[in-house]
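Q: Please take a close look at the side chains of this model, from its surface to its interior, and describe in one connected answer how they are placed and paired.

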Amino acid sequence: MDRVSAQLPEAVADRYVDRTGGAWAVIHADSLPKVAAFLKNDPELEFKLFGSIDAVDRLHLAECDPRFEVVYFLYSLKRNEHVRLKVRVSESTPVVPSLTSLFRGANWWERLTFDFYGIRFDGHPDLRRILLYEEFQGYPLRKDYALRDRQPLIPERPIKDIFRGPGTSGIS
Amino acid sequence: MSDHGKPQTEAPNPDTDAYAHESELESHLQTKRMVINMGPSHPATHGTVRLKVELEGETIVKIDPEIGFLHRGFQKSCENVTWTQCLPYTDRLNYLSSMMNNFGFLNAVEKLIGLEIPERAQYIRVIGSELHRLQDHLTCVGATGLEMGGFAPFLFAMEFRELIHDRVAELTGARLTTSFGRVGGINRDLPEGWIPKVHKSLDRGLELIDEMDALLTRNRIFVDRTKGTGVINAEDAIDFGYTGPALRACGVNYDIRKAKPYWVYDRFDFKVPVGEHGDNYDRYLVRLEEMRQSVLILRQAMDTIPAGPIIVDDWRIALPPKPEVYGTIEGVMSHFKLVMEGIQVPAGEVYDATEASNGELGWYIVSDGGGRPYKVHVRAPGFPVLAAVPHIIEGKMLADLIPTFDTINMIGGEVEQ
């Protein structure tokens, strides 16, 4: 973290250590790819093992001004250390640059975060829902999505260009 | 004009020429690409997943895994119940290693509270985790053998798994979804005479593992179908976020039990098997050896387990003993407050990871200081492993998909939350 602050001082908005001793860096959204590339490629850091991505909806917490926090976990095999990054984005423009060109593992995690929180990842090659179906309305892990909300069942999708075999089709 | 000198243009005589019908045959061959749906529930894929496979002949051109069939809102459910009530949900992420999921979640919560659990509880957590690691690997290895056409190894694996199920049932009262952990320790102590029984089961288990080893490891069909298929090199594996046996099969020695020992793992003498090529065969070998190391850990843990309490003596965290609940007003109040309001975890956030059977099981937990989690994020080890399947398998044969899918051991429950 000291090295990141020293190298890219304008990228880091805030730094703190949480109660369990984990060091966090809050990054400005537009400088996220730069910081991640530095963490990955610096020969002394080598945070290459991709951990995961998720978001927190801070709607009911005390400091809820930028509503969403996107969190990143990377691991360095060389230093045996986890690094935790955080990007704060507002509700009106929930857009974060994508890390898929840097870490291929980011692809599915970004889709998952988009699926559940509706946060868009700028530059993602294939940003679509991953666990829920395409017709699903809203983002279920946002705090204002009701626990018992129900979505209507969708009709069967038409399948184009499908060969169903000889079978009995056409014979009435 | 004579035709002499240009015999090629002559129509072939089907009575004398063996290749007379060749052009006719080829004109009927389908050269179109074919899309095949494997799944959602397919006999050759572990778990419920749909694979949209685009084939050119036998070669896979494109593959798109579609998940989410088992999605049941794990995070949303956890955010609306107390910390202790999350435990059954964590069990169901991977029912073959339910104790590891349980204890991993509790480890993160205890770290957030700043709690040190009693030594005996740490030993019992190690024992439970290693039993479930055995169970998970047995299912994976046995099913791999089964899907390569060997039924006997599967039966040996099931016999050992059944022995473990019986021991787990004696310990916890349940065979699969145990819900055995509690914040600050575990639910109940080891039953009378349980340790010698486990030793006996492990003796039989080692014989069964040896039998599986003898049947599969040098079997011609098994080796031909797994060696050199489903290869991923170490650099790509790290980039995708592989952990556990799948990463160690590529030659990267990363095991959280050694890298950042938790509980009492640093007191035991065991090795971490590491592969070389990152193919299906290496993943199988790593799992096989890991089972033997698990047996070693289990034996050491059971031989050196100390006496003492199994849960912290703090009525704000653990339920008071029953005589206190029935006999004293303080006991009743603590019991009531714990059940109704849950454990009051101080506000904060934590990321904590343990080594589950398939790799790093990470928990990112945010608490707002109340009795319910504000946010529970699980970094399931199967998720990145499944995400890399298109990278591994594109351009390979359809038949390679099956051993690859077996040995990466994708677990539907944790991938789809």
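A: In this predicted model, Met340(B) is exposed, with a relative accessible area of 52%, and the residue belongs to helix H14 of chain B, which covers residues 329–341. Together with Leu319(B), Phe336(B) and Val339(B), Met340(B) makes up a nonpolar patch on the surface, and the accessible area of these side chains comes to about 410 Å² together.

Helix H17 of chain B, residues 398–408, is by contrast mostly covered, since nine of its 11 residues are buried. The buried residues of H17(B) include Leu401(B), Ile402(B), Pro403(B), Phe405(B) and Ile408(B), and among them are also Asp400(B), Thr404(B), Asp406(B) and Thr407(B). Just after H17(B) comes Asn409(B), whose phi is positive, at about 55°.

The cysteines can be taken next. The count of disulfides over all chains is zero. Cys86(B) is in no disulfide, although the sulfur of Cys78(B), the nearest cysteine sulfur, is 3.6 Å away; a disulfide would need the two sulfur atoms within 2.5 Å. Cys86(B) has a relative accessibility of 0% and so counts as buried. For Cys140(B), the closest cysteine sulfur is that of Cys250(B), and at 15 Å the distance is too far for a bond. Cys140(B) is likewise counted as buried, because its relative accessibility is 3%.

Charged side chains give a longer list, with 42 salt bridges over all chains. Within chain A, Arg79(A) and Glu81(A) form a salt bridge in which the closest N and O atoms are 3.6 Å apart. Both partners are at intermediate accessibility: Arg79(A) counts as partly exposed at 36%, and Glu81(A) counts as partly exposed at 32%.

Another salt bridge brings together the side chains of Glu79(B) and Lys143(A), with an N to O distance of 3.2 Å. Glu79(B) lies in the loop between helix H2 (74–78) and helix H3 (87–91) of chain B, whereas Lys143(A) is in the segment after strand S7 (120–122) of chain A, so this pair joins two chains. Here the partners are covered, as Glu79(B) is buried with a relative accessible area of 9%, and Lys143(A) counts as buried at 18% relative accessibility.

Within chain B, Asp210(B) forms a salt bridge with Arg292(B), and the closest N and O atoms of this pair are 2.9 Å apart. The pair links distant parts of the chain, with Asp210(B) in helix H7 (residues 194–216) and Arg292(B) in helix H12 (residues 280–304), 82 residues apart. Asp210(B) is partly exposed, its relative accessible area being 41%. Elsewhere, salt bridges form a network that links Glu130(B), Arg133(B), Arg248(B), Asp255(B), Arg257(B), Glu290(B) and Glu355(B).

Turning to the rings, a search of the whole structure finds 24 aromatic pairs over all chains. For Phe103(B) and Trp263(B), the ring centres are 5.9 Å apart and the planes are at 85°, so the pair is edge-to-face. Phe103(B) lies in helix H4 (residues 98–113) of chain B, and Trp263(B) in the loop between helix H11 (256–259) and H12 of chain B, so that the pair ties together parts 160 residues apart in sequence. Phe103(B) and Trp263(B) are both buried.

The rings of Tyr281(B) and Tyr284(B) have a different arrangement from a flat stack: their centres are 6.1 Å apart and their planes are at 35°, so the pair is tilted. Tyr281(B) and Tyr284(B) are three residues apart in helix H12 of chain B, about one turn of the helix. With 3.6 residues a turn in an α-helix, residues three or four places apart point the same way. Tyr281(B) is buried, as is Tyr284(B).

Rings also meet in a cluster, in which ring pairs link Tyr16(A), Trp24(A), Phe73(A), Tyr351(B) and Tyr364(B). Trp24(A) has a further contact, for the charged end of Lys86(A) sits over its ring, 4.7 Å from the centre. In another such arrangement, the charged end of Lys40(A) sits over the ring of Phe103(A), with 5.1 Å to the ring centre.

Note on methods: Residues numbered from 1 in each chain as written. Chains lettered and ligands numbered in written order. Predicted model: local features only at pLDDT ≥ 70, side-chain atom pairs only at ≥ 80, totals over all residues. Heavy atoms only, no water. Buried < 20%, exposed > 50% of the residue type's maximum accessible area, 1.4 Å probe, protein only. Helix = DSSP H or I, 4+ residues; strand = E, 2+ residues; numbered from the N terminus. Patch = residues over 30% accessible without salt bridge, like charges linked within 9 Å, V, L, I, M, F, W, Y side chains within 5 Å. Areas by Shrake-Rupley, 256 points an atom, 1.4 Å probe, with all protein chains shown as cover. Salt bridge = Lys/Arg side-chain N within 4 Å of Asp/Glu carboxyl O. Phe/Tyr/Trp six-rings, centres within 6.5 Å; stacked < 30°, edge-to-face > 60°. Lys NZ or Arg CZ within 6 Å of the ring centre and 35° of its normal.
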